[in-house]
Amino acid sequence: MYGVTIQEFIDKMRLKNMTPEIDMEKAVLTHPDVNRPALQLAGFFDHFDNERVQIIGYVEQEYLRQMDQDRKIHIYDRLLEAKIPCLVYSRSQIPDENM
């Protein structure tokens with residue numbers, strides 16, 4: 001299988017790993033495209049390409065901030081259950097502390 005490990009991706013892009021308990025050397029990125037999961041955050045997962053790196057930017061984070069806690073947990077659970085390779089927060093966005 002061709003690709004790069006998540007650790008190589010983190011190093012190359014100078015990202016901060018927020019989940020150090022997960023072995024990033026075992027997960028491999030094989031899909032060159034990325035996705036901003038706007039429709040998935042709204043609950044629509046039909047035809048979702050879970051092989052892509054998912055990017056949360058300012059707009060997605062603001063949408064998440066406006067959700068009530070139970071809905072936000074449900075959406076994060078659905079997104080992570082899809083077995084995405086990784087979730088990147090861009091534009092200085094950071095995950096909610098209680099997620």
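## Salt bridges and a parallel sheet in a predicted model

E62 is partly exposed, with 27% of its relative accessible area (a 1.4 Å probe on protein chains only, where buried means under 20%, exposed over 50%, and partly exposed in between). The model is predicted, and for that reason local features need pLDDT of at least 70 and side-chain atom pairs count only at pLDDT 80 or more, while totals for chains, interfaces and linings use all residues. Residues are numbered from 1 along each chain as its sequence is written, and side-chain values use heavy atoms, with hydrogens and water left out.**Salt bridges**

- The structure holds 4 salt bridges, a salt bridge being a side-chain nitrogen of Lys or Arg within 4 Å of a carboxyl oxygen of Asp or Glu.
- E62, whose relative accessible area is 27%, forms one of these with R65, and their closest N and O atoms are 3.2 Å apart.
- Both residues belong to helix α3, where a spacing of 3 residues separates E62 and R65 by about one helical turn; R65 is likewise partly exposed, at a relative accessible area of 43%.
- Through salt bridges that share partners, D33, D49 and R52 are joined into one network.
- Within that network, D49 and R52 form a salt bridge whose closest N and O atoms are 3.1 Å apart, with D49 partly exposed at 25% relative accessibility and R52 partly exposed at 23%.

**A link between helix α3 and a loop**

- The side chains of E60 and R36 meet in a salt bridge, at 2.9 Å from N to O.
- Because E60 lies in helix α3 (residues 58-65) and R36 in the loop between β3 and α2 (38-41), this pair ties together parts that are 24 residues apart in sequence.
- The two partners are placed as follows: E60 counts as buried, at 6% relative accessibility, whereas R36 is partly exposed, with a relative accessible area of 47%.

**The sheet**

- Helices (H or I, at least four residues) and strands (E, at least two) are DSSP runs, numbered from the N terminus, and two strands pair if DSSP finds at least two bridges between them.
- An open sheet of 3 strands runs in the order β3-β4-β5, and its pairing is parallel.
- Its edge strands are β3 (34-35) and β5 (87-89), each of which pairs on one side only.
- Strand β4 (residues 53-56) pairs with β5 in the parallel sense over 3 bridges, and I55 has V88 in β5 as its bridge partner.
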